[in-house]
Amino acid sequence: MSSSPADFNFIIRDATLADAAAIARVHVDAWRSTYAGIMPADLLANLSYAERESMWRSRLSRTDEAGVVLVVETSTGQLVGFAGAGPERTQRPDYPAEVWAIYLLEDVQGRGVGKALFKEAARRLQQLGFDSMLVWVAAANPACGFYAAQGGVLIDEKQEDFGGKAIQLVAYGWQRLDELVA
């Protein structure tokens with residue numbers, strides 16, 4: 001999929017094993033900018049590019065899992081974002097699919113990249129046979145407004161421990177992916 005807002009050219013494509021290091025960089029940098037003041041500072045400071053790269057190499061090497069990992073690449077070849085989606089991780093019957101990761105570098109946010117990436121992830125879930133999905137997000141994350149603007153409905157909440165701190169998470173759901181990707 002290609003997209004081209006007036007001031008920014010990018011493509012969205014399937015991730016490859018060769019993207020692992022760049023995805024790791026985006027993952028760590030996006031966590032540090034997005035979750036500053038939300039997640040414990042120690043947790044963010046101790047994020048490791050090498051550990052994330054290893055995690056992504058492992059994930060991208062597995063061919064036995066249903067799902068998709070997409071990357072956003074600029075016209076100059078810089079990877080600036082990614083999304084991961086597939087079966088919902090707790091086997092929830094009412095929302096069987098999940099966008100379990102979507103991150104962009106801070107300097108490309110607000111340019112339509114996230115919306116294009118999110119819709120492409122939903123479209124790909126549709127192609128895998130899913131008709132509804134959810135996404136979990138920290139309740140204090142400004143992206144909550146993004147998910148609501150995309151038609152997501154608040155459907156659940158829970159707390160999870162991150163670095164010794166209980167973080168409130170909320171789930172946004174989409175009952176009909178065909179409406180989201182239209």
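**Entry 1: strand 8 and its partners**

I started at L154 and looked up its bridge partner in strand 8, which turned out to be Y172. A reminder to myself: this is a predicted model.

Next I asked which residue of strand 8 is the bridge partner of V135. That is Y172 again, so I have V135 paired with Y172 as well as L154 paired with Y172.

I then went from single residues to whole strands. Strand 7 and strand 8 run antiparallel and pair over nine bridges. Strand 6, residues 133-138, also pairs with strand 8 in the antiparallel sense, over six bridges.

How do strand 7 and strand 8 connect? I found a hairpin with two residues between the strands. In that turn, G163 has a positive phi of about 60°.

Is strand 8 largely enclosed or open? I noted that seven of its 10 residues (the strand spans 165-174) are buried, so the rest of the structure largely encloses it. For anyone following the side chains here, a general point helps: in a regular strand they alternate between the two faces of the sheet.

**Entry 2: salt bridges around R92**

I moved on to charges, and the count for the structure is 11 salt bridges. The background is simple: side chains of opposite charge can pair when their charged atoms come close.

Which residues does R92 bridge to? One is D94, with the closest N and O atoms 2.8 Å apart. Another is D156, where the closest N and O atoms are 2.9 Å apart. I liked this second pair, as it links distant parts of the chain: R92 sits in the loop between strand 4 (79-87) and strand 5 (97-104), D156 lies in strand 7 (residues 153-162), and 64 residues separate them.

Is R92 buried or exposed? Its relative accessible area is 19%, and because the cut-off for buried is under 20%, R92 counts as buried. Both acids are partly exposed: D94 has a relative accessible area of 34%, and D156 comes in at 31%.

**Entry 3: another pair, and a network**

I stayed with strand 7, residues 153-162, and checked E160 and K158. Their side chains meet in a salt bridge, 3.0 Å from N to O. E160 is partly exposed at 33% relative accessible area, and K158 is partly exposed too, at 28%.

Last lookup of the day: which residues are joined into one network by salt bridges that share partners? I wrote down R13, D19 and E73.

How values were computed: Residues are numbered from 1 along each chain as its sequence is written. This is a predicted model: local features need pLDDT of at least 70, side-chain atom pairs count only at pLDDT 80 or more; totals for chains, interfaces and linings use all residues. Side-chain values use heavy atoms; hydrogens and water are left out. A salt bridge is a side-chain nitrogen of Lys or Arg within 4 Å of a carboxyl oxygen of Asp or Glu. Buried means under 20% relative accessible area, exposed over 50%, partly exposed in between (1.4 Å probe, protein chains only). Helices (H or I, at least four residues) and strands (E, at least two) are DSSP runs, numbered from the N terminus. Two strands pair if DSSP finds at least two bridges between them.
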